[in-house]
Amino acid sequence: MRNPKWSAPLIVSVLLAAILVPVAFTGYFSIKDGETEFASQNYASAADSFSRAARFFPWRNDLWERAGIAASAGGDALRAIAFLKRVPQLSEQGWLSLAFSYYSYGDMPSALEAYQQGLQFYDSPSLYAGLAFIYRQQKDWNSERDALMNQIQLGTNSGDVYAHYRLGLLLTFTETGQALSELMTASSLNPEFDPAVQTMRSALNISAAQTDPSQQFVTIGRALGLVQEWDLSMEAFEKAIEFNAENAEAWAWLGEAKQQIGQDGGAQLDQAVTLDHTSATIRALRGLYWNRQGKYAQMLAEYLLAAEYESANPAWQAEIGNAYFKLGDLASALNAYQLAADLAPNDVTYWRLLAIFCGDNNVHTEDVGLPAAQKAVELAPDDPLALDALGWLYLSSGRLANAEQVLLDTIERFPNHFPAHIHLAMTYLAQDDRTAAFAELTYVRDADMNGPEGAFAIQLLEKYFP
């Protein structure tokens, strides 16, 4: 018999509740799980939870976005793109994650388009920063400059420090006064930028005093190279050549810039020599080119010519010494290093190079190397490179107690000068103090994990502590 209390609509409602309530609870629990996992930086799990919740609540587009943001943060670019493309209208963070995911996947045009689309909805310094980054990858300097200007204009606390610095570099091509202002702002906000800023400031002041626009761009280009902005440096040298195609120095520096970014540069250096075969600078740059090519006879020939054209420059003699060393002629190398020190008796650099050459090759350590190292410390008693060289020469000449004392003093004053730790470890090994040597080598290995001294420490550990 039919129960009158259970009407058809009521039965349907009860059945729907029985189905939907567990679904709702599952969806809400998935959201909470996603939030917890995201806060714990378990981004892949967070993306799983948010995407699961989105399937329970298909009207909640924000859940697909949160899933995409989590996937992007976890490095899963393809999944992030798939989630974020399902959202009709992204938030600012959504556009940032979508653009970054396209970039991570290697789709630069789509990354650029995502930043541009996001900026149609949000005046965001972060989106402009991303846009500037993409333009920088594409070497579209004018568009990068405009994006950085917008980023700084919209940013708080004077904007991002690097944005000021980078904008200053870009403006050196067009508006040197404003360029210096931006660079000085970066330096005032973060003193770590000061050495590079001072380099650029000096170059801008020098170029302002030059009347030849071609030489102005050579000056700016060399400074950009000094601060390791070789892409921009190459642009400056190309502009110098546009003003004067006969500027041999511009051609030579263009060749150097090309090498620095992984291109050959030989043709530009050849053109420079054709235009001016007696320039010491051009010969030296060609010598550097042959050095990188491993053609040391050609390297030597170039530096010999540089020294002939500029006989008072000790740098050319030092490079001659380096070339002779690479050719295996240690006697000639020693003579060249000694001549470099004689040409610059008050410059610590060449006394130190002479000392290190003697120590590294175990030649004339007593009568040449050690006095050179002592002279270097006399000239620069607070230079860790000179102090370390003295310790190394004491070690090379068998004066282990002196070496230990000098190197310990150096480390106490300059604890992050890793070569001194290496040389101290070698001193301890010579004294058969393996425990102390092991401690120094493991310190360098751990402190300079990705650096050259860390790699050398690993080699010594494998050799002496297998």
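**Note on the all-atom model: loops, buried sites and salt bridges**

1. K139 sits in the loop that runs between helix 7 (125-137) and helix 8. This is a predicted model. Is K139 buried, partly exposed or exposed? With a relative accessibility of 43%, K139 counts as partly exposed. The backbone deserves a look here. The phi of K139 is near 60°, a positive value in a residue that is not glycine. Most residues other than glycine have a negative phi.

2. N362 raises a similar backbone point. Its phi is near 55°, again positive in a residue other than glycine. N362 is placed in the loop between helix 20 (348-361) and helix 21 (365-379). The residue is exposed, because its relative accessible area is 57% and the cut-off for exposed is over 50%.

3. Now the overall fold. The protein chain has 26 helices and zero strands. Its C-alpha trace spans about 120 × 65 × 40 Å along the principal axes. The radius of gyration is 32 Å, whereas a compact globule of 466 residues would have one near 23 Å.

4. Burial and packing across the chain. Of the 466 residues, 46% count as buried. Take the contacts with a separation of 6 or more: residues 24 or more positions apart account for 46% of them. The chain exposes about 23,000 Å², and carbon and sulfur atoms supply 53% of that area.

5. Charge is next. The protein chain carries 30 positive and 55 negative charges. The mean positions of the two sets lie 12 Å apart. The salt-bridge count comes to 15.

6. How far is D388 from the nearest side chain of opposite charge? That side chain is R352, and it is 8.1 Å away. D388 is buried and has no salt bridge. A salt bridge needs the nitrogen and the carboxyl oxygen within 4 Å. D388 belongs to helix 22 (residues 384-396). Outside its neighbours within four places in sequence, D388 contacts L407, T410, H417, P419, A420 and H423. Two histidines, H417 and H423, are on that list. This is a site to inspect on screen.

7. Q151 is a buried polar residue in helix 8 (residues 141-154). Why does Q151 count as buried? Its relative accessibility is 7%, and buried means under 20%. Beyond residues up to four places away in sequence, Q151 touches P125, Y128, A129, D160 and A163.

8. Two small residues are fully covered. G118, in helix 6 (residues 108-121), has a relative accessibility of 0% and counts as buried. G118 contacts W95 and L127, once neighbours within four places in sequence are set aside. Its C-alpha atom is 9.5 Å from that of Y128, ten residues apart along the chain.

9. A250 is the other case. It lies in helix 14 (residues 248-260) and also counts as buried, with 0% relative accessibility. Leaving out neighbours within four places in sequence, A250 is in contact with V218, F237, A240 and I241. Y394 is a distant reference point. A250 and Y394 are 144 residues apart in sequence and 45 Å apart in space, C-alpha to C-alpha.

10. E144 forms a salt bridge with R136, and their closest N and O atoms are 2.7 Å apart. Are these partners buried or exposed? Both E144 and R136 are buried.

11. R222 forms a salt bridge with E249, at 3.4 Å between the closest N and O atoms. R222 lies in helix 12 (residues 213-226) and E249 in helix 14, so the pair ties together parts that are 27 residues apart in sequence. R222 is partly exposed at 39% relative accessibility. E249 is partly exposed too, at 22%.

12. R413 pairs with D382 in a salt bridge, the closest N and O atoms being 2.4 Å apart. R413 is in helix 23 (residues 400-413) and D382 in the loop between helix 21 and helix 22, so this pair ties together parts 31 residues apart in sequence. R413 is partly exposed, with a relative accessible area of 41%. D382 is exposed, with 54%. Elsewhere, salt bridges that share partners join R136, E144, R166 and E229 into one network.

Notes
Residues numbered from 1 in each chain as written. Predicted model: local features only at pLDDT ≥ 70, side-chain atom pairs only at ≥ 80, totals over all residues. Heavy atoms only, no water. Helix = DSSP H or I, 4+ residues; strand = E, 2+ residues; numbered from the N terminus. Buried < 20%, exposed > 50% of the residue type's maximum accessible area, 1.4 Å probe, protein only. Lys, Arg positive; Asp, Glu negative; His and termini not counted. Contact = heavy atoms within 4.5 Å. Rg over C-alpha atoms; globule rule 2.2 N^0.38 Å. Areas by Shrake-Rupley, 256 points an atom, 1.4 Å probe, with all protein chains shown as cover. Charge placed at Lys NZ, Arg CZ, Asp CG, Glu CD.
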